[in-house]
Amino acid sequence: MNIDEIVASSKTNYQKKEFNKDEWAKMKNDERNEVYSLIDKTALEIMQDSNKFKDYLDIQSHFDKYSVANGLLIYAQMPNATQLREYSEWKAIPNFQFNGKQEGIKLLKMGEPYTKSDGTQFSPFVVYKMYDISQTNLPKREYNSKRLDDKVLLKAFIHDNPVDIKVEDVLASGECVEWNSEENLLYIQRGAEPNDLYQGIAREVSKVELESDNPTIDNFKAKCASYMICKKQGLDVSNYSFNDIPESYKNLSSKEIRKELGEIKNSVEDFNNRINQFMESISKQSKNKDYER
């Protein structure tokens with residue numbers, strides 16, 4: 001068999017398609033606009049339905065490092081996601097396989113900066129895909145559900161707070177935690193139930209950071225922040241309800257909604273960072289003691 005003759009005589013209709021930069025740019029732009037539209041649609045939807053709003057808070061609480069826009073995209077495309085990675089990250093894990101053909105969820109990230117024709121620098125957002133562990137053959141990661149000692153957790157909740165704390169036997173408001181804006185003091189009731197304390201501290205400290213000229217909005221946003229903080233710590237949040245979404249929120253544009261959600265997220269992030277700092281210091285102290293032994 002003469003392979004050279006066979007190859008030479010073989011004909012093919014295949015023609016290599018040349019790369020068209022304009023077509024590629026249009027495709028990427030259309031994809032980005034599609035993602036923007038989904039963000040806008042989802043932001044408007046969650047403000048009309050308290051259950052959807054709560055589900056979004058669950059996603060944003062779990063994926064707390066993701067932007068509000070990406071939190072909305074995760075909720076819209078894969079609300080049951082628990083562990084997201086890019087394709088290359090999953091492929092690096094030994095024995096990894098997808099469970100059949102899988103579609104990734106589309107998120108946004110900052111692209112590489114480039115210089116425009118007028119000389120200005122511009123960093124566009126680009127669409128990228130993430131895949132959840134449920135789409136793979138890998139076992140779901142079990143999160144540590146062990147409840148921290150109440151004494152340790154309470155210390156973590158009040159660590160480096162932006163206001164001073166005063167403990168009283170009874171608070172006039174009937175709450176177990178209350179922030180007095182005039183005195184800039186956080187009052188805590190002695191002997192209150194731990195879970196009530198955690199929820200109250202998270203709520204009232206969030207008010208400090210979210211304070212505006214609209215107490216109704218502040219109270220709602222602080223409740224959202226408290227819910228997300230407590231859920232992140234594995235605490236009981238079954239008593240939370242979001243049937244009181246402010247009417248004014250239902251008339252906001254998608255951009256305005258994302259701004260409000262962003263303020264809540266920033267407050268949650270600040271609070272969680274203080275908790276993490278405290279827990280890291282505890283861990284470091286424990287390691288030092290072990291070393292001394």
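How many helices and how many strands are there in the chain? The chain you see above has nine helices and eight strands, and I should say at the outset that this is a predicted model, so please hear everything that follows as a description of computed coordinates.

Let me begin with the overall dimensions. A compact globule of 293 residues would have a radius of gyration near 19 Å, whereas this chain comes out at 25 Å. Taken along the principal axes, the C-alpha atoms fill a box of roughly 95 × 60 × 40 Å.

Now to the sheets, beginning with the one that contains β1. Three strands make up this open sheet, in the order β1-β5-β2, and their pairing is antiparallel. Its edge strands are β1, residues 84-85, and β2, residues 105-110, each of which pairs on one side only. Between β1 and strand β5, which spans residues 125-132, there are two bridges, and here Arg85 stands opposite Tyr131 in β5. On the other pairing, β2 is joined to β5 by six bridges, again with the two strands running antiparallel, and Met110 stands opposite Phe125 of β5.

Which helices go with this sheet, and at what angles to β2 do they run? Helix α2, residues 21-46, packs on the sheet and touches β2 and β5, with its direction making about 105 degrees with that of β2. Helix α4, residues 68-77, lies across β1, β2 and β5, and runs at about 170 degrees to β2.

Helix α2 and strand β5 come up again when we turn to the second largest pocket, since they are the elements that give two or more residues to its lining. The volume of this pocket is about 320 Å³. Its lining consists of 13 residues, of which Lys28, Arg32, Pro124, Phe125 and Val126 lie nearest the centre. Of the elements, α2 gives the most to that lining, with six residues. Sorted by class, the lining holds nine nonpolar residues, one polar residue and three charged residues. Phe125, then, is both the residue opposite Met110 in the sheet and one of those nearest the centre of the pocket.

The other sheet I want to show is also an open one of three strands, in the order β6-β8-β7, but here the pairing is mixed. Strands β6, residues 164-168, and β7, residues 177-180, stand at the edges with a single partner strand each, and therefore one side of each is left without a neighbour in the sheet. From one strand to the next, the twist averages 25 degrees. What joins β7 to strand β8? Four bridges do, with β8 covering residues 185-189 and the two strands running antiparallel, and within that pairing the bridge partner of Asn180 is Leu185 in β8. Helix α7, residues 194-210, lies across β7 and β8, and its angle to β7 is about 15 degrees.

To close, I would keep two strand orders in mind as you turn the structure: β1-β5-β2, with antiparallel pairing, and β6-β8-β7, with mixed pairing.

Key
Residues numbered from 1 in each chain as written. Predicted model: local features only at pLDDT ≥ 70, side-chain atom pairs only at ≥ 80, totals over all residues. Heavy atoms only, no water. Pairing = 2+ DSSP bridges. Contact = heavy atoms within 4.5 Å. Axes fitted to C-alpha atoms, helices over the stretch in contact; angles between N-to-C directions. 1 Å grid on protein atoms, 1.4 Å probe; cavity = no way out; pocket = protein on both sides within 12 Å on 5 of 7 lines; lining within 4 Å. Points joined across faces, edges and corners; volume = space filled by probe spheres on them. Nonpolar A, V, L, I, M, F, W, Y, C, P; charged D, E, K, R; others polar. Rg over C-alpha atoms; globule rule 2.2 N^0.38 Å.
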